[in-house]
Protein chains: 2
Amino acid sequence: MSQARERGIPDATVARLPLYLRALNGLAERGTATVSSEDLAVAAGVNSAKLRKDLSHLGSYGTRGVGYDVQYLIYQISRELGLTQDWAVAIVGVGNLGRALANYGGFVSRGFRVAALFDADRSVVGERLVGMAVDHIDALESVIEDRGVSIVVIATPGAAAQQVADRVIAAGITSILNFAPVVLTVPDGVDVRKVDLSTELQILAFHEQRKADRDTGSPMMAGDWAEVMDA
Amino acid sequence: MSQARERGIPDATVARLPLYLRALNGLAERGTATVSSEDLAVAAGVNSAKLRKDLSHLGSYGTRGVGYDVQYLIYQISRELGLTQDWAVAIVGVGNLGRALANYGGFVSRGFRVAALFDADRSVVGERLVGMAVDHIDALESVIEDRGVSIVVIATPGAAAQQVADRVIAAGITSILNFAPVVLTVPDGVDVRKVDLSTELQILAFHEQRKADRDTGSPMMAGDWAEVMDA
DNA sequence: ACATGTGAATCCATTCACAGCA
DNA sequence: TGCTGTGAATGGATTCACATGT
């Protein structure tokens with residue numbers, strides 16, 4: 001039975017666990033004690049076979065004929081995701097986006113804590129934000145060390161991002177959430193996840209265009225690319 | 001030859017096209033005229049076989065023995081993504097995040113234009129932001145119609161998101177970029193992409209925990225979940 | 001000689017469908 | 001009976017490796 005917990009949970013599964021956790025928290029708030037894979041799947045927006053397979057990678061936490069205990073499953077998923085400890089997060093780049101991230105309540109949900117803010121602009125350094133003074137980027141390494149930061153969010157302009165990544169990695173960081181629109185090059189063992197607004201918009205535009213083409217029946221002319229390109 | 005353009009490009013490929021486009025723009029700025037799949041793959045952070053397979057879905061735009069013409073490939077990918085027209089984007093929810101998105105220059109890169117801003121808070125309505133007055137959410141349908149909005153970004157609190165989605169969909173929108181931490185339920189034919197900060201952090205925490213466990217060799221005790229859960 | 005474009009092989013994820021258990 | 005947990009079947013995506021064309 002269950003080869004489950006011995007080695008690696010599939011990436012696709014890990015990526016959905018936060019989703020399940022959120023759905024479970026919603027159920028818990030409404031006082032639901034027990035939930036079937038079918039109901040939980042609906043709440044999380046996935047199909048129930050996938051949900052059961054995903055949960056089976058963690059272990060056998062359900063009861064046949066009954067379903068899953070909501071509180072128990074919340075705990076198991078939280079533990080698996082490492083949310084029973086709290087993680088010190090640093091945000092590098094306190095521009096529009098960095099500020100929004102620092103203030104965004106849901107962002108620093110249970111398990112995470114903004115422990116440091118950095119910027120290169122001296123006129124921003126010292127400003128207080130969510131009860132925390134912005135440090136100058138010069139202090140990056142020492143502050144990361146002192147405050148036990150283990151996850152770094154990069155919210156700088158694209159041009160600065162790789163350099164910031166290099167420095168935090170040298171300082172021992174192995175988990176980076178990158179909002180800058182560049183591909184970061186990092187050594188093995190460092191995890192980078194990226195959030196890329198313009199990429200997401202472009203993917204939507206692609207599908208939107210497809211829908212429009214299908215409706216009008218217009219065949220999307222080949223066109224002379226040269227005239228569009230120069231400037 | 002090439003079944004390419006006749007029917008659907010794989011989703012995984014579509015999701016990478018913006019990446020290639022960005023890498024190509026970087027090369028173009030440095031005056032590079034021609035690039036091999038190997039070099040472009042490095043710039044985009046993928047492997048070259050994947051890159052070639054991806055591009056082959058668009059057509060045969062390379063030259064054997066030579067590589068790809070940078071400008072030409074930029075044009076072809078742009079066209080495929082629908083970036084040769086410009087898309088009117090509305091942002092719903094002008095809080096911290098909505099403001100950051102509106103101001104984020106790279107966000108509204110070539111092909112996209114912020115055409116409307118909405119908020120439910122009367123004290124925000126009328127405020128000007130990126131040369132545009134914030135409209136009250138009551139005007140959602142009429143403004144979307146009037147300004148030809150085709151992509152809506154939801155940056156509201158979670159509780160309002162589904163309601164906003166229902167309304168914009170009723171108004172004819174079929175492309176939504178959702179920043180609110182909820183699973184949106186939408187009819188077939190509507191595309192939703194979500195950007196979820198806390199999910200990304202949780203995925204990083206999972207891997208970070210794995211690394212820590214591997215280093216310490218600590219087996220992650222089973223623990224009594226009850227004591228962690230009550231409150 | 002060289003780099004693309006692509007069948008074939010492989011790997012991973014999803015879905016099906018049912019055995020096993022409460 | 002009802003719902004979980006999971007082998008088996010399916011479907012996609014990635015990678016390999018080379019035939020093809022310049």
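I began with A:D166, which counts as partly exposed at 40% relative accessibility (buried is under 20% relative accessible area, exposed over 50%, and partly exposed in between, with a 1.4 Å probe and protein chains only). A:D166 lies in helix α7 of chain A (helices are DSSP runs of H or I with at least four residues, strands are runs of E with at least two, both numbered from the N terminus). I also looked up its spacing to A:L184, 18 residues along the chain, and found 9.2 Å between the C-alpha atoms.

I noted the conditions before going on. This is a predicted model, in which local features need pLDDT of at least 70 and side-chain atom pairs count only at pLDDT 80 or more, while totals for chains, interfaces and linings use all residues. Residues are numbered from 1 along each chain as its sequence is written, chains are lettered from A and ligands numbered from 1 in the order in which they are written, and side-chain values use heavy atoms, with hydrogens and water left out.

**DNA strand C**

I listed the residues around DNA strand C and got 24, of which A:R16, B:S37, B:R52, B:R64 and B:Y68 come nearest (near means that a heavy atom of the residue lies within 4 Å of the molecule or strand). Sugar or phosphate accounts for 66% of the strand C atoms within 4 Å of the protein, and bases for the rest.

I then looked up polar contacts, meaning pairs of N or O atoms within 3.5 Å; within protein, one must be able to donate a hydrogen and the other to accept it, and residues adjacent in sequence count only if both atoms are side-chain atoms. An N or O atom in the side chain of A:R16 is 2.8 Å from a phosphate oxygen of strand C. At B:S37 a polar backbone atom is 2.4 Å from a phosphate oxygen of this strand. For B:K53, a side-chain N or O atom is 3.5 Å from a base oxygen of strand C. The elements giving two or more residues to this surface are α1 (11–29) and α3 (48–56) of chain A, with α3 (48–56), β2 (62–63) and β3 (67–69) of chain B.

I sorted the surface near strand C by class and recorded five nonpolar, eleven polar and eight charged residues. For these classes, Ala, Val, Leu, Ile, Met, Phe, Trp, Tyr, Cys and Pro count as nonpolar, Asp, Glu, Lys and Arg as charged, and the others, Gly among them, as polar.

**DNA strand D**

I repeated the search for DNA strand D and found 25 residues around it, with A:S37, A:R52, A:Y68, B:R16 and B:R64 coming nearest. Of the strand D atoms within 4 Å of the protein, 63% belong to sugar or phosphate and the rest to bases.

A phosphate oxygen of strand D lies 2.5 Å from a backbone N or O atom of A:S37, and one lies 2.9 Å from a backbone N or O atom of A:G62. A side-chain N or O atom of A:K53 is 3.5 Å from a base oxygen of strand D. I logged the surface near strand D as six nonpolar, eleven polar and eight charged residues.

**Salt bridges**

I counted 22 salt bridges over all chains (a side-chain nitrogen of Lys or Arg within 4 Å of a carboxyl oxygen of Asp or Glu). A:R167 and A:E141 form one, at 2.9 Å from N to O. This pair links distant parts of the chain, 26 residues apart, with A:R167 in helix α7 (residues 158–170) and A:E141 in helix α6 (residues 140–147), both of chain A. A:R167 is partly exposed at 26%, and A:E141 is partly exposed at 31%.

A:E208 and A:K211 meet in a salt bridge at 3.6 Å, N to O. Both lie in helix α8 (residues 197–216) of chain A, three residues apart, about one turn of the helix. A:E208 is buried at 12% relative accessible area, and A:K211 is buried at 14%.

In chain B, I found B:E141 bridged to B:R167, with the closest N and O atoms 2.9 Å apart.

**Nonpolar core**

Last, I looked up which residues touch the most other members of the largest nonpolar core, and of its 104 residues these are A:I77 and B:I77. Such a core is a set of buried Ala, Val, Leu, Ile, Met, Phe, Trp, Tyr and Cys residues joined through side-chain atoms within 4.5 Å. Leaving aside neighbours within four places in sequence, B:I77 is in contact with B:L17, B:Y20, B:L21, B:L24, B:L55 and B:L58 (contact means heavy atoms within 4.5 Å).
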